[in-house]
2 protein chains.
Amino acid sequence: MSDLSLRRTRRLARGAVPPAFGVAPITPGMVGGRYMPLTQAEMERIHDLVLRLLEDLGLSQVTPSLERRAVEAGCRVDETGRLRFPRALVEDVIARTRRKFTLHGLDPVHDLEIGGRRVHTGTGGAAPTIMDFDSGRYRESTVADLYDIARLVDRLDNIHWYHRSVVARDTDTILDLDINTTYACLSGTTKSIAVSYTDGNSVRAVQPMLDMVAGGEGKFRERPFCTAVCCHVVPPMRFATESCDALEAAVLAGMPILLVSAGQAGATAPAALAGAVAQACAEVLAGLILCNLVDPHCRGIFAAWPFVSDLRTGAMSGGSGEQALLSAACAQMAGFYDLPNSVPAGMTDSKLPDVQAGGEKGYTISLAAHAGATMIHECAGMQGSLMGTTLESYVLDNDLLGAILRTVKGVEVSEDTLNFDVVRDVVMGAGHYLGHPQTFARMKTDYVYPEIADRRSISEWQEAGARDARAVARDRVRRILSEHYPGHIAESVDARLRETYNIVLPTARMRAGNGVW
Amino acid sequence: MSDLSLRRTRRLARGAVPPAFGVAPITPGMVGGRYMPLTQAEMERIHDLVLRLLEDLGLSQVTPSLERRAVEAGCRVDETGRLRFPRALVEDVIARTRRKFTLHGLDPVHDLEIGGRRVHTGTGGAAPTIMDFDSGRYRESTVADLYDIARLVDRLDNIHWYHRSVVARDTDTILDLDINTTYACLSGTTKSIAVSYTDGNSVRAVQPMLDMVAGGEGKFRERPFCTAVCCHVVPPMRFATESCDALEAAVLAGMPILLVSAGQAGATAPAALAGAVAQACAEVLAGLILCNLVDPHCRGIFAAWPFVSDLRTGAMSGGSGEQALLSAACAQMAGFYDLPNSVPAGMTDSKLPDVQAGGEKGYTISLAAHAGATMIHECAGMQGSLMGTTLESYVLDNDLLGAILRTVKGVEVSEDTLNFDVVRDVVMGAGHYLGHPQTFARMKTDYVYPEIADRRSISEWQEAGARDARAVARDRVRRILSEHYPGHIAESVDARLRETYNIVLPTARMRAGNGVW
């Protein structure tokens, strides 16, 4: 090959990165579904058990308000007080519930179309601890951590939303927790956010905040950019009473609802994976039915999230192969129902961003994505089976998600990609493809170039200090957090929020040059 | 839940690990193929280009001996000297070549049934360097490294064969390299081995060695436990003349042949992924046809291995999402042809076992496995896009492969796994599944327990020293290499081998207590 054409190709390739907007090789919402862990017949068998569980066993401990709505719609309360869902009602709700909706960002540029088998990836979780960035020791997570993580996420393209990933431990009451979580998330990013509201009061308390940020009373409802995460069940087959109150309030407020059933296979769900999938689907459908009874136009997200127990210890194992299967199978069941959905993936058991974390995130996320999950939660930042987070993981996982989303985009089969003349011209001519126009074109549209992953030669890497990916990611965390203070909430609005609510996050934290980073 | 039943469950679970032989949750050769990056119509379009490339363009530089065989079978040599393969011949050979065969280990316990969509995982590669275990610096790899890696592989259940992963740089001639590579691999493991033979002389030179180890003249041919890795082409569309000599000699010797086409998309193969797949398939089929002309009972392995170039630098990127797609698509094309096959995966760009390495291995291997590759090469030990290896990666990747193979096993859908009574009994009784007989049974058959991956709580892990997975794997490397000296080659046989050949590996290295480890 000629040195000239090689140099030209390389120069053009360098110039092509990052690609101009519009020709990016990956975008949110590419279509998955080419991995099918279950056959059609297997999904139908699982669905049979789902229907039977809802009709013949039902769920206990629903709230009086929701019970009234359910009974009016045709449910019955059995002699043990369990709410039973007739098969016809379940199938009716599945048939008529929303198949897709826009998950709004604060900034419309971050709006996501949820539904079909369009794959999106983002954060999630409720970790009570964070690895201190300086000491490397885990400590309780805070409101400031929530804000800093939001700022990171705001800058990381393959994290499509910010659903709060840690629990702020520095608030005094549950209400303060929910208010400050909402505030910290909203302040740190213009992507769609989500908060787990503990009860109806919390939901009602944050409505004015959401409206103020949206631009006035009633504005939030027009573009609801905050999702309520709702663990409406305590598996097996029992409603979580307070969360059901939150569910009702959130639906009435027009919020999208993430309907989570998070049993643990072998503990609160069957150890048999198929059984765990069926029970989770039944539990989530029960919640979805309640949402639809409150508002048939609700934005429900089917989140069957069965987790894995390591049966030697009873501890959760979010990074296991069994977890990858559970999440992929649930994504496929949600596709079977054609419902906007979420599964968890990337929940490594490792406590730090090491090779174990990478591997576990790699296979769990890629299988969930290819199974066609419309939202993959927890797939950035999580450690220790959701019990902790590390800041560098958000940066590292963003890189990983880029590569995995590239695989979701798939192999383009077309006249141009299967062009006999291209091969013949090269073989009978230059002998290599480096200078070919197809190569120039494809390098911009077909190839993803990572930010963190090191592709240098061994000798270049050694000479540059032989750093691992985590060290490189730490530099990027420092750079983002010392530079990126989004100013999308006007100071006057912020002042009103601080007058209205007991806001914990200091204003200084929200300004560049504060010396924290 | 009662503490008693919880304790009993945990005790039983601990007792169940490692599981007794026969009830292991994963085994070599589980069936993949549930991930289909290409549709049937897309595969047919790719196949059309494959046929056209072989018929209308052909390959240059075949050996005279193979050209004679090919022309006798109906090929023609065009006016530029290129060997053209008529469509009918290509389709005939695809139709009648072996669809499955046993890949023998030295010990029959390691025999593998290759074919169908039965997934197996093992080493591969030709790294010229290894990270020194003590200094952490890369150095040239040696015969002793080959032997040590073989001993590691011998102890790692999810690495199903040992195809030489490094090039011994401490031999003087090509013939010595091939002889000593074969010897080191054979001496370190009873699993199936493979060596890349440079020419026909090397293949003929090692035959007596293989027979001696097999128990006498002609014995190797009865259970051929050594595969010849044959890079029979120099893409695009050109035969590698010396390797074609090796190919002919290896087929005549009864060795399985790994027919590798290793172009680089954007350099020696089209930058368009589909085109790279088509060219690789054409090149491999050309080799398979030649093998079949030498011996219609040959054991050919279809190894379309297109690699990815990072087009900014021209460097290979084995860990990219594009690579994951190329390998998965090639596995699917091999399945379309129903041929025993191999794809590469796990070729991280990272130079050490860090989070980047884990992630890249995680998604590339899992997608190749679910695409139904019958052999996945390079999926243990590789670093730096095949340019290096680290000892701890074999141990770490073995763990990763266990989890990924668990996902290949899939979700069992049966009366037992979808048992309404199990759920009802738990819900109406204990309220949890910990003490249920199904949980006891499933923990032994459905769950894989890793050796390295850390599943402890954050506090337990911190108190125990907060080590990362790599540190834990290093301990395991030291333990295996200081203890495990397989003695399957009798001393008398070894003495004869040393009389016959110029063996570099010192006898002392092959004995426990040698002080090296």
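**Figure 1. Domain layout of chain A in the predicted model.** The domain assignment divides chain A into domain 1, formed by residues 3–25 together with 417–442, domain 2, covering 51–94, and domain 3, covering 95–408. Taken over C-alpha atoms, the centres of domain 1 of chain A and domain 3 of chain A are separated by 41 Å. Along the principal axes, the C-alpha atoms of chain A occupy a box of roughly 85 × 55 × 45 Å.

**Figure 2. Secondary structure and packing of chain A.** Chain A contains 18 helices and 19 strands. Its radius of gyration, 24 Å, is close to the 24 Å that the globule rule gives for 517 residues, so chain A is as compact as a globular protein of that length. Of the 517 residues in chain A, 66% are buried. When contacts in chain A are restricted to residues at least 6 apart in sequence, 76% of them join residues at least 24 apart.

**Figure 3. Surface and charged side chains of chain A.** The exposed area of chain A is about 17000 Å², and 50% of this area is supplied by carbon and sulfur atoms. Chain A carries 53 positive and 61 negative side chains. The centres of these two sets lie 4 Å apart.

**Figure 4. Close-up of Gly388(B) in strand β20 of chain B.** Strand β20 of chain B comprises residues 388–389 and includes Gly388(B). With a relative accessible area of 0%, Gly388(B) falls under the 20% limit and is therefore classed as buried. Apart from residues up to four places away in sequence, Gly388(B) touches Ile458(A) from chain A and, within chain B, Ala127(B), Thr129(B), Tyr138(B), Gly381(B), Met382(B) and Gln383(B). Also shown is Ala126(B), which is 262 residues from Gly388(B) in sequence, with a C-alpha to C-alpha separation of 8.4 Å.

**Figure 5. Close-up of Ala315(B) in strand β16 of chain B.** Ala315(B) belongs to strand β16 of chain B, which spans residues 315–316. The relative accessibility of Ala315(B) is 29%; this value lies between the 20% and 50% limits, so Ala315(B) counts as partly exposed. With neighbours within four places in sequence left aside, the contacts of Ala315(B) are Arg455(A) from chain A and Gln264(B), Val308(B), Ser309(B) and Asp310(B) from chain B. Ala249(B) lies 66 residues from Ala315(B) along the chain, and 33 Å separate the C-alpha atoms of Ala249(B) and Ala315(B).

Conventions
Residues are numbered from 1 along each chain as its sequence is written. Chains are lettered from A and ligands numbered from 1 in the order in which they are written. This is a predicted model: local features need pLDDT of at least 70, side-chain atom pairs count only at pLDDT 80 or more; totals for chains, interfaces and linings use all residues. Side-chain values use heavy atoms; hydrogens and water are left out. Helices (H or I, at least four residues) and strands (E, at least two) are DSSP runs, numbered from the N terminus. The radius of gyration is taken over C-alpha atoms; the globule rule is 2.2 Å times the number of residues to the power 0.38. Buried means under 20% relative accessible area, exposed over 50%, partly exposed in between (1.4 Å probe, protein chains only). Contact means heavy atoms within 4.5 Å. Accessible areas come from the Shrake-Rupley method with a 1.4 Å probe; for residues, only the protein chains shown count as cover. Lys and Arg count as positive and Asp and Glu as negative; His and the chain ends are not counted. The place of a charge is taken as NZ of Lys, CZ of Arg, CG of Asp or CD of Glu. Domain bounds come from an automatic or database domain assignment.
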